[in-house]
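Student: Hi! I'm new to this one and would love a quick walk through it. Can we pull it up?

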Amino acid sequence: MQVITGIGGWPGKAPAQAKQAEADGFDCVTCGELALDSSLTMALAATSTERIGLQTSVTIAFPRSPMVLAMEAWDIQELSQGRFAIGLGSQVKGHNERRFGGTWTAPAPRMREYIQMMRAVWDSWTTGEPPQFLGKHYTYTLMTPNFNAGPIDYPYPKIGLAMVGPGMARVAGEVADIIMPHGGIMSDKYMREVLLPNVKTGMDRVGKTWQDVEISDSGYLVLGDSDSEIEQKLLAMRTPLSFYGSTRTYHHVLRLHGLEDLGNELHQLSVNGKWDQMRETVTLDHLLELAQTCKYDDYPQFLAEHREYASRTGFFMPAETPEEKARYQDLLRQVQAVQTPGVPAGM
């Protein structure tokens with residue numbers, strides 16, 4: 001099992017953070033893209049590391065053209081000597097139109113073309129053949145020598161795709177190398193009953209198998225050493241759940257658990273700007289319906305039994321004292337030793 005950790009903050013902090021993660025034995029570092037640029041963060045992380053994988057999680061695709069991200073990913077892949085993966089996400093309509101000043105169309109078919117064009121760019125740079133990509137959303141038919149980056153000595157960057165709904169899950173199965181369920185609001189039930197079956201539908205369309213993709217584990221999971229610690233961490237999840245649950249994009253998950261009324265209430269509160277009240281609307285019962293819990297020491301076994309489809313996971317536990325740090329390192333190694341079939345149960 002690959003164990004992933006995150007880095008963040010101003011990009012200038014990335015080299016030291018990534019170097020420390022590599023020294024600690026992690027397999028990959030990821031960074032999000034909220035207020036700061038994910039590609040710049042990963043490029044800087046590449047300069048201070050030699051082994052650890054680098055992945056954006058996620059880079060928002062639609063505000064940039066496929067050519068722009070193909071260039072950035074190609075550059076970072078060469079800089080890192082083949083360690084880079086670009087994780088893509090669509091974001092929601094309001095942010096694309098009102099924050100990025102961009103356009104919005106049906107995201108799943110657009111994302112399919114987006115990824116196909118990125119690979120068409122890399123194909124043309126690698127082979128020298130004239131580009132001939134004609135899509136409904138994107139066109140790539142021009143590449144002159146001055147703008148051709150040329151081949152690199154490493155494989156194409158892997159492309160990950162974040163998904164929430166069944167349509168994007170099918171696209172992920174078709175065209176992504178790394179399946180990235182959105183961690184902001186996700187349950188194991190939704191993962192198994194909705195997303196993974198649709199990933200398989202997408203793979204079947206193009207003749208892929210589970211061995212052709214890497215899957216990040218997902219589902220709300222709370223880890224702790226005691227029941228009281230786990231309960232406190234569950235209650236701390238009210239804030240992120242209220243944020244994601246207020247957006248209709250994520251109501252697929254709530255609906256499956258009979259919590260659609262909660263989503264509608266959160267959405268109305270957000271429209272009225274009642275952000276503090278949103279958190280209090282989420283109860284412990286809501287959280288227990290969505291989340292799984294596990295003791296730290298049981299986590300390797302939990303992964304083997306409940307995340308059999310995954311080859312990638314995140315893992316964090318507090319480690320301040322030398323004894324805590326030693327325990328963390330021991331558990332980290334145990335998690336990395338977990339072997340899963342990479343195939344969802346029943347599929």
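Student: Which residues are buried in helix α9 (residues 238-245)?

Tutor: Keep in mind as we go that this is a predicted model. In α9, the buried residues are R238, L241, S242 and G245.

Student: And where do those sit around the axis of α9?

Tutor: They are on the same side of α9, because the arc they cover around the axis is only 100°.

Student: OK, what covers the buried residues of α9?

Tutor: Several helices do, including α8 (227-236), α10 (251-256) and α11 (260-271). The cover also includes α12 (275-281) and α13 (284-290).

Student: Let's jump to another part. At what angle do the axes of α2 and α3 cross?

Tutor: Helix α2 spans residues 38-46 and helix α3 spans residues 66-79, and their axes cross at roughly 15°. Those axes come within 9 Å. Angles under 35 degrees count as roughly parallel, so α2 is roughly parallel to α3.

Student: Is that crossing of α2 and α3 left-handed or right-handed?

Tutor: Left-handed.

Student: Which residues make the contact?

Tutor: From α2 there are S39, M42, A43 and A46, and from α3 there are E72, I76 and L79. Sorted by class, the residues of this contact of α2 with α3 are five nonpolar, one polar and one charged.

Student: I also spotted S80. Where does S80 lie?

Tutor: S80 is in the loop that runs between α3 and β5 (84-89).

Student: Buried or exposed, that S80?

Tutor: Buried: S80 has a relative accessible area of 1%, and the cut-off for buried is under 20%.

Student: What is S80 in contact with, leaving aside its neighbours within four places in sequence?

Tutor: With those left aside, S80 is in contact with A46 and L54. You met A46 a moment ago, as one of the α2 residues in the contact with α3.

Student: Nice link! One last pair: how do α14 and α15 pack?

Tutor: Helix α14 (residues 299-306) packs with helix α15 (residues 322-337) at an angle of about 20°, and their axes are 9 Å apart. That angle makes α14 roughly parallel to α15. The crossing here is right-handed.

Student: And which residues make that contact?

Tutor: Y299, P300 and L303 come from α14, while L331, Q334 and V335 come from α15. In classes, the contact of α14 with α15 has five nonpolar residues, one polar and no charged ones.

Student: Great, thanks for the tour!

Definitions and conventions: Residues are numbered from 1 along each chain as its sequence is written. This is a predicted model: local features need pLDDT of at least 70, side-chain atom pairs count only at pLDDT 80 or more; totals for chains, interfaces and linings use all residues. Side-chain values use heavy atoms; hydrogens and water are left out. Axes are lines fitted to C-alpha atoms, for helices over the stretch in contact, and angles run from 0 to 180 degrees between N-to-C directions. Helices (H or I, at least four residues) and strands (E, at least two) are DSSP runs, numbered from the N terminus. Angles under 35 degrees count as roughly parallel, over 145 as roughly antiparallel, 65 to 115 as roughly perpendicular and the rest as oblique. A crossing is left-handed if the near helix is turned anticlockwise from the far one by less than a right angle, and right-handed if clockwise. Contact means heavy atoms within 4.5 Å. Ala, Val, Leu, Ile, Met, Phe, Trp, Tyr, Cys and Pro count as nonpolar, Asp, Glu, Lys and Arg as charged, and the others, Gly among them, as polar. Buried means under 20% relative accessible area, exposed over 50%, partly exposed in between (1.4 Å probe, protein chains only). The arc is that of the directions from the helix axis to the C-beta atoms.
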